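Here is a short report for a reader new to this structure. Look at the sequence and the model first, then read on.

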Amino acid sequence: MNNSGVLEINELSFSYGCHTVLDKINLKVNCGDIVAITGPNGSGKTTLLKLILGQLKPDTGWIKLYDNNIDKLKNKLPIGYLSQKATHFNQQFPATAREVVTSGLAAKKGLFKAYSKDDLLIIEKTLLMVNMSQYANQLIGSLSGGQQQKVFLARALVSQPDIIILDEPVTGLDIDAQKEIYRLLADLNQNHRLTALIVSHELEGLESIATHQVCLDKKMCSCACHKYLNPLAQIKYCEKKSSNPMLNF
Amino acid sequence: MEIFQYDFMYRAFLIGIIVGLICPVIGLFIALRRMSMMTDALAHVCLSGVAAGLITGIPPVLSAALFATGGGLVIEKLRKRFSSYSEISIAIIMSTGVALGAIILDLGKGYGNNLMAYLFGSIVAISPNDILIITLTGSMVLILIFFLRKELFSIAFDEENARISRIPVDLINTLFTIITALTIAMSIRVIGILMVSSLMILPVAAAMSIAKSFKNAVVIAVIFAQIAIVIGLFASFYINLAPGGSIVMTSVVLLIGTFVCKAILPKRP
């Protein structure tokens with residue numbers, strides 16, 4: 001067994017000029033965890049995500065994915081990302097749900113390489129996982145907000161990442177669609193050991209699926225409320241693998 | 001048919017088919033990235049290139065390609081500098097292109113008639129040299145688009161996500177700008193500097209309004225462009241119209257036709 005987490009953050013600090021946003025943050029996400037990061041506006045949630053995604057460089061501290069420093073993962077980042085602005089795309093874009101999901105594999109395949117038959121199979125299975133197979137040939141703009149979000153979730157999952165990061169995944173969705181997304185995430189967690197980091201400004205709804213909750217409050221990361229909320233998702237350390245630890249297609 | 005008894009018409013159709021294949025494909029990515037005005041700016045830079053070519057004796061299509069590539073790369077740089085007002089970069093390059101062209105032409109007086117063939121397109125002026133340059137460049141452009149199609153799609157759909165997933169967005173954008181510049185430069189022989197952007201956008205606009213998928217949009221846009229070019233060249237030959245004008249007006253009719261058909265025909269479930 002390996003005690004390293006999927007994602008580890010150690011003594012991470014970041015400032016915009018003289019304004020400290022994150023101060024010595026520590027966080028460890030293990031395989032099968034769903035970690036909810038909550039906090040008010042301006043608490044540094046987005047900055048933390050940008051640091052994890054490599055869009056910003058920390059002042060001090062480090063971030064590791066399976067013992068690999070994130071700075072060294074230059075060409076392929078094994079993180080799936082669902083942006084808060086994912087559904088703010090051009091609604092008239094002439095692409096089907098399947099084409100959008102397929103685009104999530106582009107970086108993993110690399111330049112000048114075409115998708116293989118295995119890739120196409122993975123795309124179909126991912127669509128099935130998010131219950132969107134029957135809508136695969138529909139234009140993305142013709143789907144409802146909740147369905148679009150499921151397609152974007154599939155796009156984040158299709159590259160079989162080590163962890164997925166969801167930034168305010170239910171913002172702008174109606175109550176039913178929010179429940180559907182959370183139910184889907186809980187299902188993926190239980191059946192496919194989905195490891196996820198979910199950032200949200202409110203905990204409502206999220207608490208039912210989160211295995212851990214972290215409150216980010218301006219300069220410090222308070223882990224006082226760090227607890228296991230979902231008894232079904234016990235902490236288990238995964239064997240360190242070369243490929244995807246959570247999605248076994 | 002009388003039209004095919006002339007070598008220059010064969011050349012015009014050959015170039016027209018190549019241009020009609022590439023322009024809508026490039027145009028689709030440009031339109032989806034909301035950069036339609038970039039094609040106009042690069043076409044205006046081609047004016048300087050053509051003027052320089054006419055004066056120096058370099059094949060104007062080649063000098064236009066060099067100028068347009070340079071202009072495209074400067075647009076990319078300026079877009080980053082004015083990231084919140086990226087359209088400024090287009091205005092700067094467009095006005096610089098026209099101004100430079102006017103100065104170069106003024107320095108070498110007497111090229112006005114030749115220039116008209118590049119402004120509005122000319123089917124009789126296409127030389128065997130043009131055929132060689134355009135076939136080689138067109139093949140290279142098509143091969144690059146084919147191999148970069150998945151990255152171009154990802155960037156067009158969601159550039160932020162493409163960057164996060166570590167697609168080399170800046171490299172692809174630079175390559176795409178060069179491809180666009182080369183496409184515009186080789187298209188001006190048939191369709192003309194003033195109308196080349198129309199061939200990139202009009203078939204795409206028609207295709208986007210009826211396409212059921214991205215692949216579908218590419219195919220429809222290419223078919224519409226080919227129809228416009230064939231009808232435009234026939235009209236140019238038999239009615240003695242400027243080829244650029246007749247090709248663009250055919251594209252406009254096709255666009256209106258798709259809008260009308262879409263409004264009349266019942267929606268499929």
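## A proline in chain A

Pro58(A) is partly exposed, because its relative accessible area of 25% lies between the 20% limit for buried and the 50% limit for exposed. This is a predicted model.

Where does Pro58(A) sit? Its place is the loop of chain A that runs between α1 (45–52) and β4 (60–65). Leaving aside residues up to four places away in sequence, Pro58(A) touches Leu12(A), Ser13(A), Phe14(A) and Leu51(A). His201(A) is 143 residues from Pro58(A) along the chain. The C-alpha atoms of Pro58(A) and His201(A) are separated by 23 Å.

## Where the two chains meet

Chain B puts 29 residues in contact with 35 residues of chain A. Between them, the two chains bury about 2,600 Å². Carbon and sulfur atoms carry 63% of that area. Which residues of chain B lose the most area to chain A? They are Lys150(B), Phe157(B) and Arg166(B). Together these three account for 31% of what the chain B side buries.

## Links across the interface

The count of salt bridges between chain B and chain A is one. In it, the side chain of Asp158(B) meets that of Arg155(A), at 3.0 Å from N to O. Polar contacts also cross the interface: nine residue pairs are found, with both residues at pLDDT 80 or more.

Which elements of chain B give two or more residues to the side that touches chain A? They are α6 (128–157), α7 (159–164), α8 (169–191) and α10 (214–239). The largest share comes from α6(B), with ten residues. By type, the residues on this side of chain B divide into 16 nonpolar, four polar and nine charged.

## A closer look at α8 of chain B

Helix α8(B) has 23 residues. How far apart should its ends be? At 1.5 Å a residue, the expected span is 33 Å. The end C-alpha atoms are 31 Å apart, so the model agrees with the expected value.

Is α8(B) mostly covered or mostly open? It is mostly covered, with 18 of its 23 residues buried. Gly192(B) follows α8(B). The phi of Gly192(B) is positive, near 95°.

Note on methods:
Residues numbered from 1 in each chain as written. Chains lettered and ligands numbered in written order. Predicted model: local features only at pLDDT ≥ 70, side-chain atom pairs only at ≥ 80, totals over all residues. Heavy atoms only, no water. Contact = heavy atoms within 4.5 Å. Buried area = accessible area lost by both parts, 1.4 Å probe. Salt bridge = Lys/Arg side-chain N within 4 Å of Asp/Glu carboxyl O. Polar contact = N/O pair within 3.5 Å; in protein donor to acceptor, adjacent residues only side chain to side chain. Helix = DSSP H or I, 4+ residues; strand = E, 2+ residues; numbered from the N terminus. Nonpolar A, V, L, I, M, F, W, Y, C, P; charged D, E, K, R; others polar. Expected span 1.5 Å × (residues − 1). Buried < 20%, exposed > 50% of the residue type's maximum accessible area, 1.4 Å probe, protein only.
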